[in-house]
Amino acid sequence: MGVRPFTVAIVGGGFSGAVAAIKLLDTAGGRPLRIRIIEPRPEPGRGLAFSTQDPAHYLNAPAKLFSIHPDRPDHLINWLTVQEEGARLAAQASGQMAEAFVPRHLYGAYVRAELARAEAEAGINGFVEHLRAEAVDIEETGAGGVRITLSDGRVVSADLALLATGFAGNRPNFAIGEGVAESGRYLADPWALAGRELTGELPSDGTVLFIGGGLTMLDALVTLERAGFKGRYVSVSRHGLLINQRREPGPARDFLGDTHPGTARALLALVKHELDAIAADGGDWQSVVPVIRGRLASLWAGASAAERARFNRHLRRYWELALHRAPGPSYDTLTRVLAEGRLTTRAGRIEAVSADAGGAEVRLRLRGAGESEQVRADLVVNTTGAQYAWDRITDRPLVTNLLGRGTVRPGGLGYGIDIDADAAVIDRSGAASNRLFGIGPILRGTRWEATTIVEIVAQATAFADLVAERHLVRRPVAPPPSALSRASAA
């Protein structure tokens, strides 16, 4: 007699959700498992980061770092070698595929291929459904499972759910004048630049103002350059800083050793001392990054709320610039644009954006300035990146419902959600769920670095191991679902 498979609902089918599904299938070991991926996009595995079709949008580190199977570090490299784009990538990296920067759309194809492989190898006991809708609410049931309401009115159930909702786009806090959105002079979504016709509202020799100066800004700049834009750019950010080029000098000595700096100031002093020593020896400052990153989880966990807030306020931007560096091909474009004198950076904040027939009018207050100034642009693009504070996300019903009912509570600094050591969601009363878990960017407040491929793969592996240990006991094999039942379930 067949046994009902254990069902896991994964809310979000971007990178986090897809890798979690892969790890679950690989860990199940032939035991009956159903995975429901709730994702409105047509292809699970891509999400926001890997849905771009611009071939000049790259992962920001070499291919050797991004296998989704850490025990097989050459897995991605071997996959790339047999792809149509493989020869070009290898040539770009002087024949060393391991050192190649992979286009993000191609990495998305790699994730999708692995999901298909994992499902095929699981056979009749690994059934993956893609429900093309958005989850708008999740409730734990008295029967010991979860009930998930979808945007199309369907209600689906599962034994447990994994929140893999990914990044939410940031919406800067400034006034937007009447008619600005309709004018096309302001893009809240930088990915809307892809395929945009650079005519009419954006002359090829006009001005584009970016709100932000990080990797999202670089993606937008690269897209515009590929489209033939010849005008000038203005990048406005809080510190007026630009991203650094990615280099791989290897880690420095373990200068932290057994020390446990209890404050952000103490950590900064240690880092500065090491940077001075590296500079004196003619070394590369980027060698300190892997040393700090290797200790960051324990440093964050041991920091008080006040010290976390201090780090976030004063040091966050510098750490992000050190960790999230630009891939070589994109940085080459940035270097050229800078050499041509077409990019200006300004430290300050945007107060308001309005539009008229001639373009956009931006009210800008420079850092340290007593008065605002007006800047004209043909197009203003929001490239500030992700919004981590859940209480500021107003366009996702799931977030509003979970917070409002107290099913979740905000994580540290108000970022994402609070979780325990197993990534189980903690509710308003402080109780950890045994049916609702989290992964990816929504763990920012409790784990800080929870957004990169390396961290997410580790989180997905830990979640799959937990599910296998607690729930996937050896059971009789269930009969294969019929084609009709598969279609009706989807």
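Axes here are lines fitted to C-alpha atoms, taken for helices over the stretch in contact, and the angles between them run from 0 to 180 degrees between N-to-C directions. In this predicted model, that description can be applied to helix H1, residues 15-28, and helix H4, whose axes come within 9 Å and cross at roughly 25°. Because angles under 35 degrees count as roughly parallel, H1 and H4 are therefore roughly parallel to each other. The crossing of H1 and H4 is, in addition, left-handed.

Helix H4, which spans residues 104-122, also bounds a loop that deserves attention, since serine 94 is placed between helix H3 (86-92) and this helix. Most residues other than glycine have a negative phi. Serine 94, however, has a phi near 55°, a positive value in a residue that is not glycine. Tryptophan 448 likewise carries a positive phi, in this case near 60°, and its place is in the loop that runs between helix H13 (444-447) and helix H14 (453-470). Are these two loop residues buried or exposed? Serine 94 has a relative accessible area of 66%, and because exposed means over 50%, it is exposed. Tryptophan 448 has a relative accessibility of 0%, and because buried means under 20%, it counts as buried.

The empty space in the model can be considered next. Rolling a probe the size of a water molecule over the atoms shows where such space is left. A search of the whole structure finds one cavity of 30 Å³ or more, and the volume of the largest cavity is about 70 Å³. Its lining consists of 13 residues, of which Gly166, Gln387, Tyr388, Trp390 and Pro441 are the closest to the centre. When the lining of the largest cavity is divided by residue character, nine residues are nonpolar, three are polar and one is charged.

Among the open spaces, the second largest pocket has a volume of about 430 Å³. The pocket is lined by 17 residues, and those closest to its centre are Leu268, Val271, Tyr318, Trp319 and Ala322. Which helices supply at least two residues each to the lining of this second largest pocket? They are helix H7 (264-280), helix H8 (289-302) and helix H10 (316-323), and H7 gives the most, with five residues. The lining of the second largest pocket divides into 15 nonpolar residues, one polar residue and one charged residue.

How values were computed
Residues are numbered from 1 along each chain as its sequence is written. This is a predicted model: local features need pLDDT of at least 70, side-chain atom pairs count only at pLDDT 80 or more; totals for chains, interfaces and linings use all residues. Side-chain values use heavy atoms; hydrogens and water are left out. On a 1 Å grid over the protein atoms alone, a cavity is a set of points where a 1.4 Å probe fits but cannot get out, and a pocket is an open set with protein on both sides within 12 Å along at least five of seven lines; lining residues have an atom within 4 Å of a point. Grid points are joined across faces, edges and corners, and a volume is the space filled by probe spheres set on the points. Ala, Val, Leu, Ile, Met, Phe, Trp, Tyr, Cys and Pro count as nonpolar, Asp, Glu, Lys and Arg as charged, and the others, Gly among them, as polar. Helices (H or I, at least four residues) and strands (E, at least two) are DSSP runs, numbered from the N terminus. Buried means under 20% relative accessible area, exposed over 50%, partly exposed in between (1.4 Å probe, protein chains only). Angles under 35 degrees count as roughly parallel, over 145 as roughly antiparallel, 65 to 115 as roughly perpendicular and the rest as oblique. A crossing is left-handed if the near helix is turned anticlockwise from the far one by less than a right angle, and right-handed if clockwise.
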